[in-house]
Amino acid sequence: MAASVNEFEPWLSAKLKSLKTDEGVFGNYISSILESEESIDEKKDALEGILSEILGSDISQHVNEIIEKWESCKPKEEALKPVADVDVQLAKLLESQSLATTTRREYTDEEKKIREAILSQYSQLSDNEEDQNNEEEPDSSDLVKNTNALDVAAAARERREQARLEAQRKKEKDREDREKQKQLKEEKKEKRKTQKGERKR
């Protein structure tokens, strides 16, 4: 999606600026919705939900414009790609993805003792329990459930939720700032009125 992002992102930023919104927060959120595996209708619903918070009218017009621009950028990116070897494409895909790395935690002596006590407590199963487990799960130790798709979907949901929360926080902060400014104007207006009243006396 690199070519489409290179063309689409600046356009989206300019579009959001013209709508007088924070393109940093809303741009990332909109892009994550468009890059998801959802259907066009689901994407439109999600975009309408976002834009309804920002705009008062012409929401569907702006949603359609964003979807059309996204769709027009996608085919160009695919057409520009030369047909490459599957191994090369797989290598590029793996390089572009950030792999989760686990770091080994160093335990203190006290933590090691507690950990060993807990493990020894749970490792001492009675013969009956062990036999029941063997009967219920024959040869299940060889099979491991593949959760890659679930992990990727959960990560995408997490990114969308984070972007939505950031957008909500920004919206609340903007609302508070507007109320503060309005209150300051009212206070200044009151102050001027009282000063004029005192001058007249």
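This report describes the fold, the surface charge and three individual residues of a predicted protein model.

**Overall make-up**

The secondary structure consists of 8 helices and 0 strands. Read from the N terminus, the order of elements is α-α-α-α-α-α-α-α. The protein has 201 residues, of which 17% are buried. Its exposed area is about 16,500 Å², and carbon and sulfur atoms supply 48% of that area. If contacts are restricted to residues at least 6 apart in sequence, 56% of them join residues at least 24 apart.

**Charged patches on the surface**

Two patches of charge are described here, one negative and one positive. The negative patch is formed by Asp41, Glu42, Asp45 and Glu48. One of its members, aspartate 41, belongs to helix 3, which covers residues 40-54. Aspartate 41 counts as exposed because its relative accessibility is 56%, and the cut-off for that class is over 50%.

The positive patch brings together Lys185, Lys188, Lys189, Arg192, Lys193, Lys196 and Arg199 on the surface. Arginine 192, one of these residues, sits in helix 8, which spans residues 148-200. With a relative accessible area of 51%, arginine 192 is also classed as exposed.

**A lysine in helix 1**

Is lysine 15 buried or exposed? Lysine 15 has a relative accessibility of 10%, so this residue counts as buried; the class requires a value under 20%. Lysine 15 is part of helix 1, made up of residues 2-18. Leaving aside residues up to four places away in sequence, lysine 15 touches His62 and Glu65. Between lysine 15 and glycine 27, the separation is 12 residues along the sequence and 9.5 Å in space, taken from C-alpha to C-alpha.

**Residues side by side**

The table sets out the accessibility and class of the three residues discussed above.

| Residue | Relative accessible area | Class |
|---|---|---|
| Aspartate 41 | 56% | exposed |
| Arginine 192 | 51% | exposed |
| Lysine 15 | 10% | buried |

In terms of location, aspartate 41 is in helix 3, arginine 192 is in helix 8 and lysine 15 is in helix 1. Aspartate 41 is part of the negative patch and arginine 192 is part of the positive patch, while lysine 15 is in contact with His62 and Glu65.

Note on methods: Residues numbered from 1 in each chain as written. Predicted model: local features only at pLDDT ≥ 70, side-chain atom pairs only at ≥ 80, totals over all residues. Heavy atoms only, no water. Patch = residues over 30% accessible without salt bridge, like charges linked within 9 Å, V, L, I, M, F, W, Y side chains within 5 Å. Areas by Shrake-Rupley, 256 points an atom, 1.4 Å probe, with all protein chains shown as cover. Salt bridge = Lys/Arg side-chain N within 4 Å of Asp/Glu carboxyl O. Lys, Arg positive; Asp, Glu negative; His and termini not counted. Charge placed at Lys NZ, Arg CZ, Asp CG, Glu CD. Helix = DSSP H or I, 4+ residues; strand = E, 2+ residues; numbered from the N terminus. Buried < 20%, exposed > 50% of the residue type's maximum accessible area, 1.4 Å probe, protein only. Contact = heavy atoms within 4.5 Å.
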